[in-house]
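Subject: Structure for your review

Dear colleague,

Please find the sequence and structure below. My findings follow, and I would be grateful if you would read them alongside the coordinates.

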Amino acid sequence: MNISFQGIKNAGAQAHIQEKDEILNKGAMFEVTIPKGKHVNLHVELNNEGDNDLDDFREILKKYPNQYNAKTLNIDYDEFVNLDTGEKEKSYFLNGKDLEMTSENFKIFNKIFRLLEKIKVMPNEKLKVENSYIYSDEAKDSFCFYEPRCKNEDEFTRLIDSAHYPKNVRAGAKVLSQKFKNEMLEYIG
């Protein structure tokens with residue numbers, strides 16, 4: 001069956017909020033202390049059907065390429081307590097690369113903000129997902145932050161699936177758009 005996608009496809013969002021103090025995560029290869037904090041991410045594949053999102057982001061995607069798909073944005077936001085200083089810090093990442101607020105990157109923050117604003121009000125029928133994507137390495141990598149928090153592979157697959165429910169995509173876009181808006185206002189303020 002062929003599905004016609006309008007604007008974007010394979011959009012997914014997930015959030016993790018750790019309200020407790022830092023925890024020790026014992027991975028297979030090493031142990032890492034995870035600080036108290038928040039992690040929110042949104043994955044979306046862009047195209048030019050309906051809107052010119054892909055064209056609008058072409059230069060950004062060249063600067064911040066996605067290793068799996070040249071048309072994809074994977075936006076991450078981390079807020080955490082620095083274990084050394086006790087201070088609250090935040091970080092933004094685009095396709096796995098650090099995205100700092102600078103005068104040069106202000107335009108990137110603004111474009112991402114406008115895309116998130118559009119996604120947060122998209123109707124269900126415009127937030128389509130290809131089944132093959134849900135089980136792909138791209139999806140697993142986009143949401144890899146959550147894998148160690150899952151008990152097994154089935155739970156991780158269910159988490160990836162639920163991240164792509166339209167209500168979760170809109171909720172993630174809403175949270176991230178507010179973070180990007182606050183960052184831009186803080187920068188120009």
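Is Asn10 buried or exposed? With a relative accessible area of 1%, Asn10 falls under the 20% limit and is therefore buried. Please bear in mind that this is a predicted model.

Backbone at two asparagines

Most residues other than glycine have a negative phi. Asn10 departs from this pattern, since its phi is positive, near 55°. Asn10 belongs to strand E1, which covers residues 8-18. Asn95 is a further residue that has a positive phi without being a glycine; the value here is about 50°. Asn95 sits in a loop, with strand E6 (88-94) on one side and strand E7 (97-98) on the other. The relative accessibility of Asn95 is 10%, so this residue also counts as buried.

Overall organisation

The chain contains six helices and seven strands. Read from the N terminus, the order of elements is β-β-β-β-α-β-β-β-α-α-α-α-α. Four strands thus precede the helix that opens the α part of this order, three more strands follow it, and five helices close the series.

The chain has 189 residues, and 42% of them count as buried. Its accessible surface is about 11,000 Å², with 48% contributed by carbon and sulfur atoms. Among contacts with a separation of 6 or more, 68% join residues that are 24 or more positions apart.

The pair H1 and H2

Helix H1 spans residues 53-63 and helix H2 spans residues 106-119. Their axes come within 11 Å and cross at roughly 140°. Angles over 145 degrees would count as roughly antiparallel; H1 and H2 are therefore oblique to each other. The crossing of H1 and H2 is left-handed.

On the H1 side, the contact is formed by Asp53, Asp56, Phe57, Ile60 and Lys63. H2 contributes Ile108, Lys111, Ile112, Leu115 and Lys118. Sorted by class, this contact comprises five nonpolar and five charged residues, and no polar ones. Phe57 and Ile60 of H1 are among the nonpolar members, as are Ile108, Ile112 and Leu115 of H2. The charged members include Asp53, Asp56 and Lys63 of H1, together with Lys111 and Lys118 of H2.

I would suggest viewing the two asparagines and the helix pair in turn.

With kind regards

Key: Residues numbered from 1 in each chain as written. Predicted model: local features only at pLDDT ≥ 70, side-chain atom pairs only at ≥ 80, totals over all residues. Heavy atoms only, no water. Axes fitted to C-alpha atoms, helices over the stretch in contact; angles between N-to-C directions. Helix = DSSP H or I, 4+ residues; strand = E, 2+ residues; numbered from the N terminus. Parallel < 35°, antiparallel > 145°, perpendicular 65-115°, else oblique. Left-handed = near helix turned anticlockwise from the far one by under 90°. Contact = heavy atoms within 4.5 Å. Buried < 20%, exposed > 50% of the residue type's maximum accessible area, 1.4 Å probe, protein only. Areas by Shrake-Rupley, 256 points an atom, 1.4 Å probe, with all protein chains shown as cover.
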